[in-house]
Amino acid sequence: MSFKPRWNKTTLILGGAAAWGLLLVGCVMADRTVIAPPKVADATFVGTKKCAQCHEDLTGHFDGATHSNLALKDSKAGDIGCEACHGAGSVHVKSGGSKGTIINPAKSPETCFACHLDKRGEFSLPNAHPVLAGKVGCADCHDPHKGKVIKRTGAELETPNETCTKCHTSQKGPFLFPHQAMQEGCTVCHNPHGTVNQKMLVARDANLCLRCHLEHPSVIAGGVLGDGKIVAGGEDHRTRLQNGTCWSAGCHEDVHGSNASKAMRY
Amino acid sequence: MNLTTFTSLRSASLFASLALALTVGPARGADKAPLSADAFPLFESYIKVTGLVPSVTGKDSSYARRFQAPANGSYGIEALHYAKDVSDSTNVSFDGRALSGAEDYLGAFKATKNEVGTFEMGYKRFRTFYDGTGGFFPLNNRWMTLVNPGLHTDRAKFWAEAKIERPNAPKFEFRYTNEQRTGKKDSTIWGDTDFTGVPAYYGVGASALNPYSSNRKLVPSYINLNERQQNWLGAVKHTVGNTDLDFEIVHNSTKSNDVRWMNRYPGELQLFPRQSSATNPPQIYPPETISNQVSGYDRQMLDSKTTGYTGKFETKCTDALTVFGGVLYSKGSADIGGDRQMTQYMPTAVGLVTAVGGFVGAGGRPPYSYKTDKGETNEKVFSYNLGLKFHPQADLFSTFAVKYEKTDVDGFNSVTYTSNSINQTTGAVTPVIVPTANLADRSEKSWIPEATFRYTGIKDLSLYGNIDYRHSPGSEYGNSTGVTTGGGAGAPVISDDNVKINHAHYKFGANWTLNQAVSLRGEIFYKDHTNGFYDKATPGAGFVLGYQFMGTKLTAIVKAQNNLTFTSRFIQQTGKMDTTIDSTANIQSNDTKNYNFGETIDWSPTKQLFVQANINVVFNTIQTAYPLAGGLGNEVLRNADNNYTSGSFITGFVVDKETDASLQYTFYRAGNYNVPTNASLFYGAGVKEYTVALVVKRKLTSTLFGEAKVGYFDSKNDTTGGNTNFKGPMVYVSLTQAL
């Protein structure tokens with residue numbers, strides 16, 4: 001038994017026309033607002049001071065947060081730092097903080113995508129953390145209320161990779177022979193928002209490794225630039241690279257670090 | 001489409017038809033509920049029951065991976081929230097989810113008593129899907145798959161947390177979490193095959209006829225994950241005068257036992273005796289006789305315990321000056337273990353012999369099989385920071401801070417390599433057991449000063465900046481011993497280096513609100529990095545990596561009309577890297593360029609209609625050896641292009657007083673896949689895909705909403721030779737009932 005849906009351009013055109021007709025009829029018949037995310041219906045700005053009355057724990061450190069650099073103001077409400085992401089707060093305040101009267105960006109990335117258009121594109125790629133599937137949220141890695149939004153950088157106490165290794169424990173180490181790139185951060189090789197490549201790699205082939213490991217051919221005997229050799233680790237890797245990537249089976253398999261091979265072979 | 005899927009689809013279609021029929025009928029109870037501005041307010045307590053059924057034509061597992069949903073559909077409770085005030089000051093709530101098929105579950109209870117604290121505990125679990133693909137080689141359309149490519153892993157978490165938050169008293173927090181990750185996921189550590197169509201020759205003059213290897217690594221592999229992490233946290237926060245104090249102890253226990261399964265040269269076995277190198281004229285190897293199959297696993301084990309102590313303070317000295325700082329100390333140790341058993345299949349005069357780590361003498365390098373006898377690592381981290389927030393006037397805010405961090409790591413790993421010398425004449429197997437040791441010891445001391453500022457003294461303009469610099473001198477010692485091609489212990493590979501890392505990061509930006517209609521934001525950044533390893537024993541010897549990256553982010557938000565907004569974003573990042581060996585041989589190892597254009601249009605021509613369109617266009621290229629390598633090197637590797645375009649369109653509109661509808665369309669295209677030459681294996685993404693859906697949402701009664709979604713998806717993948725293509729319709733229905 002087989003089922004073959006006939007979805008073609010004619011179907012789409014007719015379906016679209018029907019939906020558009022439905023839309024026009026609806027617009028005439030119903031005097032009601034449909035809300036495009038992420039907005040709060042019929043709400044107006046109240047200002048951050050209002051928010052602080054109940055949420056002092058969140059607003060108290062916002063002056064040092066990355067997003068405070070936006071310094072958004074409304075002509076009537078003044079500072080609207082909170083409402084820039086959570087939506088206008090008048091309905092929320094009036095209801096005494098009822099559920100559904102304010103936007104919670106932790107539950108949907110749409111608020112973040114409003115400005116970070118590039119992240120919407122990256123998360124829509126086939127190799128991305130499942131944010132669009134609702135299994136991971138922006139707030140799992142970023143704290144917009146306090147400190148840097150890219151956490152644990154600069155003079156902050158904790159180390160940057162904890163953002164990743166709190167979930168990816170196998171890559172935490174410490175390894176006897178760590179990959180130095182890990183010290184610079186997981187983002188040297190992975191874009192956590194998503195890439196066109198498997199495992200969110202910024203490059204899927206040997207270019208990923210050669211960025212840091214390509215060496216001048218003269219480090220091996222008789223080597224000159226342009227002689228066809230691709231040198232890394234003091235050896236010509238050209239033949240190996242036609243077989244596959246640097247981290248293929250039998251090569252440098254333990255790319256995050258090894259406890260038995262200084263060359264991270266296994 | 002299999003029968004089960006069809007039956008499920010038919011059931012779901014009936015369900016969808018029912019839901020659609022309900023949505024076009026009169027809204028029961030509509031007269032009882034006042035019409036609100038939004039006909040679909042969020043209920044305080046509710047349950048949402050859903051069903052999702054796709055009908056996938058093509059690769060089921062690739063559909064599951066792409067949409068993170070099972071190809072056989074899912075159904076159950078998508079969301080349950082129940083909240084109740086049990087007294088004037090106490091509230092309890094319960095959240096739940098149970099989606100069969102997707103294997104997505106949640107059960108969480110929370111009790112809150114005003115001015116006392118909260119208690120919550122819960123369990124959640126979700127599934128991540130993988131499709132277990134390997135590589136594709138178009139010369140002979142080579143495509144190899146796992147027996148069961150539909151892989152998945154499950155992440156589960158149990159937590160219990162209590163907070164005591166009495167007014168004007170120290171606030172206490174106690175939390176326990178237990179997280180697990182189990183299942184199978186695919187790996188890009190692909191195995192070898194000679195079934196590539198690239199001819200390999202043997203005999204006199206073979207090397208001249210055979211410039212390219214026939215070996216390509218495209219055989220899929222997978223990892224069996226078994227990871228567990230527990231955290232015990234105790235924290236106290238208190239305010240004394242103008243000082244906020246924060247102290248925290250965290251104990252972490254992590255155990256992992258991950259096994260990667262690999263298969264190299266499956267289906268291949270050399271002849272015995274081997275094809276003769278004296279054959280004249282040279283002959284082409286039958287591909288199934290070029291290499292010997294090697295298969296097995298690599299197990300990595302970790303059992304670590306770490307305890308960390310963190311203390312922080314922040315004192316508001318005056319309205320203009322706040323001092324802050326903290327100390328962190330953590331100490332941990334881990335039992336480490338490896339178990340790698342790669343079985344070699346070897347032809348002999350007496351038949352096939354299999355042996356772990358099998359080899360036949362010089363040139364027959366054993367496939368590295370070993371087992372840890374005893375191993376451990378120890379890590380100590382001590383860091384502190386001290387800084388001040390300076391707020392001399394209302395429109396100027398700045399911070400100055402410095403961090404010191406000292407990290408010490410040492411450890412050893414005593415392993416035993418197991419190899420087996422195979423006599424191809426007699427078939428006799430002689431074990432070669434080699435115990436070796438691995439040692440490491442490294443230390444690093446980092447100083448990181450940082451300054452930030454924000455100035456808002458110019459009307460409608462915010463200027464900000466950030467500068468931080470990391471100077472990390474240290475030392476690194478490593479001693480690793482492996483085995484030689486003869487199976488014996490190799491010479492120790494020893495490194496003893498002074499390490500110097502310097503990293504500077506500068507960022508400056510401006511946000512300008514020209515008027516109510518136009519906002520402009522711009523930011524530039526620059527990174528300058530040096531990473532040097534200098535041999536202690538040989539002056540001038542060593543490896544130095546340097547890079548400079550710079551970038552720009554520009555955002556414009558233009559409200560052309562009250563109901564029409566354009567948001568544009570442009571990001572460009574360029575960078576160059578270079579390596580220097582032994583102070584002399586320098587080469588530019590990387591030239592990266594990335595340009596990202598994004599546009600979002602929000603348009604609400606009437607109260608009853610909105611349109612939102614998004615598009616992202618990305619140009620990204622990473623250049624390393626090409627074209628510097630020249631000659632055959634340029635046939636082996638080209639630049640890594642990662643260009644793509646993605647976008648979405650959604651229009652939502654009011655159908656009648658109780659019904660909303662929306663049309664949704666998404667697309668993604670990447671055209672980076674180049675057909676490999678005989679000398680290469682390209683991996684770039686070449687994909688065309690789209691989804692389209694019609695959604696109808698109806699208020700059936702004042703407490704019951706229904707939603708039906710009918711859609712279609714189509715994904716074509718050149719990189720996998722079309723072997724992971726999939727397409728088909730899908731149906732989603734939901735009912736949301738207020739509680």
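Good morning. In this predicted model, 142 residues of chain B are in contact with 90 residues of chain A. Which strand supplies the largest share of the side of chain B that touches chain A? Strand β27 of chain B, residues 585-606, does so with 11 residues. By residue class, that side of chain B divides into 61 nonpolar, 58 polar and 23 charged residues.

I turn now to the nonpolar cores. The largest one has 68 residues, and within it A206(A), L208(A), I230(A) and L218(B) touch the most other members. Helix α10 of chain A, residues 207-213, gives the most to this core, namely 4 residues. Where does the core lie with respect to domain 2 and domain 3 of chain A? Domain 2 (110-140) and domain 3 (173-183 + 205-258) both give residues to the core, so it lies between them. Leaving aside residues up to four places away in sequence, A206(A) touches L241(A), T245(A) and C246(A), and also L637(B). Another core, of 31 residues, lies apart from the largest one; among its members are F129(B), M730(B), V731(B) and V733(B).

Finally, let us consider a single residue, K163(B), which is found in strand β9 of chain B, residues 151-164. Is K163(B) buried, exposed or partly exposed? It counts as partly exposed, because it has 16 C-beta neighbours inside 10 Å, whereas a buried residue would need 20 or more and an exposed one 12 or fewer. Not counting residues up to four places away in sequence, K163(B) touches G117(B), T118(B), K171(B), F172(B) and E173(B). K163(B) and Q68(B), 95 residues apart in sequence, are separated by 35 Å from C-alpha to C-alpha. Thank you.

Terms used
Residues are numbered from 1 along each chain as its sequence is written. Chains are lettered from A and ligands numbered from 1 in the order in which they are written. This is a predicted model: local features need pLDDT of at least 70, side-chain atom pairs count only at pLDDT 80 or more; totals for chains, interfaces and linings use all residues. A nonpolar core is a set of buried Ala, Val, Leu, Ile, Met, Phe, Trp, Tyr and Cys residues joined through C-beta atoms within 7 Å. Helices (H or I, at least four residues) and strands (E, at least two) are DSSP runs, numbered from the N terminus. Domain bounds come from an automatic or database domain assignment. Two residues are in contact if their C-beta atoms, placed from the backbone, lie within 7 Å. Ala, Val, Leu, Ile, Met, Phe, Trp, Tyr, Cys and Pro count as nonpolar, Asp, Glu, Lys and Arg as charged, and the others, Gly among them, as polar.
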